[in-house]
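This short report looks at one residue, one helix and the way two chains are arranged. Please keep the sequence and the structure in view while reading.

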There are 2 protein chains.
Amino acid sequence: MKFDPLFEALKEKIKIVDEVIFELIPEKEPKIIYDAARHYPLAGGKRIRPFIVLTSTEAVGGNPEKAVYAAAAVELLHNYSLVHDDIMDMDEKRRGRPTVHKVWGVNMAILAGDLLFSKVFEAVAKIPVEAEKVVKVLDVISKTSNELCEGQARDLEFENKETVTIDEYMKMISGKTGALIDASATIGGLIGTENNEYIQALSKYGRNVGIAFQIWDDVLDLIADEEKLGKPVGSDIRKGKKTIIVAHFLENASEEDKLKFFKVFGKYAGDVKGEGIIEEDIQEEVKKAIDLLKKYGSTDYAANLARKLIEEAKEALKALPESEARKHLELLADFIVEREY
Amino acid sequence: MKFDPLFEALKEKIKIVDEVIFELIPEKEPKIIYDAARHYPLAGGKRIRPFIVLTSTEAVGGNPEKAVYAAAAVELLHNYSLVHDDIMDMDEKRRGRPTVHKVWGVNMAILAGDLLFSKVFEAVAKIPVEAEKVVKVLDVISKTSNELCEGQARDLEFENKETVTIDEYMKMISGKTGALIDASATIGGLIGTENNEYIQALSKYGRNVGIAFQIWDDVLDLIADEEKLGKPVGSDIRKGKKTIIVAHFLENASEEDKLKFFKVFGKYAGDVKGEGIIEEDIQEEVKKAIDLLKKYGSTDYAANLARKLIEEAKEALKALPESEARKHLELLADFIVEREY
């Protein structure tokens, strides 16, 4: 199949990164905080970000072995942000397991996230390249984690807003998911080369892939096969999540259709079974809301935007010499907007 | 007065650090998270840690101007830990103002703490010394923030424990307050010199001062003048806080006296006014508990331990050449166990 070489490379490259991750967060005292910190990394995850670090180093002609600690750092940063975001979003499940705060309570979850964040920088200090490069990586990672916080702050603000524009959405998502994938590619480049043109190409690739990744997630929520997705279609609409699709709809729909949409949007966030509402009725309502989004081309708009970002990402990669690693990065970009789950 | 030269030096040195702190966390978008992050730094605080960084650099013959970003980094790290600890401890006031989570809610407080933590590393990347030294500072700071998390995890665990030993207390406090003051002195040394003997002396000084600082706080809670302290004497007993004084008492008291103590300890944590208990009666009960601690010499034990740690801290400093900066570090050590608030 098209993506098999990608999945094989991913599986192979990730082993050594996992070794380093669990060397940084071993089983040790105080047990409770290390157990909590290990919870998500042990549960798996796609490990796309560390894969991008290693493959980017390779794609610019560098030695990926030098990038293993950097790869562990971005994965730890990703996991820290998941732990804290899950508290804020009151999510109960992640990677098929109860979230950290569900198992250990909010206080220990805050602390476990803090420890993971701290370990990011312990990992950076261990990157076996010239100190000048380590400081450059540190600069990129710290600015990236600023951006993550800013993106999440914007996302929290969305909850208190009636409407969100496409522009506001793009700013939020650029910080919340674009920044870290950008950083993964950029850091991989920094470790492997002195060629700024290559590094900038990788940065552009990563930013676009990161943004497209989230947009495609939002699209899948509306168009996916429920069984493949593993959750009910339209769950974002139930929760009232302000995606780019909703932002496009709000900028284009008639007042009448907006009113219809808001009758459903965010109305089935919690458990409404006890209120005498039956699941079939909800699904019917949600389906109508999805049809409204389709009526104004909002779903297509988002899907096309994601595909366009991916094309631009692959275009940017052409600044790099042809190689197997570059091929893998291209495949990964395609995978983002061809996946069905 | 004895400490006037210290206070003057502190006031003078801190100006430039504050400039850098607010350069790192300016007023900017998204406004809400930057406002929340600026809340504690704007409220003041003693700035002892950045003072130790700059003065340590000077005391080993280095240029303190090179240490300003490092000083800002440790103060930001301190403030991040305060924001998150206040959430965990459900504290409502800090530096005379409502805590961050009281003003902006728990979610934004988690995020503001995260941003402050992130800014620590942005500051480290900006330290204007050779890259090799920056990486050394990064290594110290990241391991210190691991220790902070571990210390706070131990502290949270204390809440679920019936008793705590002196040994367990010392481990907790070494991480929670010893590590960061150790790091402040160590980093100041690292920036100013290549002499490892000096750096180790400063590390020992900082660790001891940090531990003594917390122990003296615990002592003051029992012996201070209520007006100078700004809170009721024995408030740790009301809250059931397991200090080293309590640990010593539990290791030495008779079963009968322990039972008497536990009748009061932690029993007046929240607002008990509505339960028909009057303040005078509580104060009488708390006074009896304090007398029990004194009966077994537990308060004296702690006070003497703090003084001994300070003597050792000053002894360690003798490895450094005599200078005004060293004198200030000595004065600061004395101040820790001579202050009445």
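B:Asp182 lies in helix α7 (residues 166–192) of chain B, where a helix is a DSSP run of H or I with at least four residues, numbered from the N terminus. The model is predicted, so local features need pLDDT of at least 70 and side-chain atom pairs count only at pLDDT 80 or more, whereas totals for chains, interfaces and linings use all residues. Residues are numbered from 1 along each chain as its sequence is written, chains are lettered from A and ligands numbered from 1 in the order in which they are written, and side-chain values use heavy atoms, with hydrogens and water left out.

With a relative accessible area of 9%, B:Asp182 is buried, a term that means under 20% relative accessible area with a 1.4 Å probe, protein chains only. Leaving aside residues up to four places away in sequence, B:Asp182 touches B:Ser203, B:Gly206 and B:Arg207, contact being heavy atoms within 4.5 Å.

Helix α1 of chain B can be checked against its expected span, which is 1.5 Å times one less than its number of residues.

| Helix α1 (residues 4–24) of chain B | Value |
|---|---|
| Expected span of its 21 residues | 30 Å |
| Distance between its end C-alpha atoms | 31 Å |

The two values agree. The buried residues of α1(B) include B:Leu6, B:Ile14 and B:Leu24, and among the elements that cover the buried residues are α2 (31–42) and α15 (324–338) of chain B.

Finally, 100% of the interface residues of chain A are also interface residues in chain B, so the copies meet through the same surface.

Terms used. Helices (H or I, at least four residues) and strands (E, at least two) are DSSP runs, numbered from the N terminus. Buried means under 20% relative accessible area, exposed over 50%, partly exposed in between (1.4 Å probe, protein chains only).
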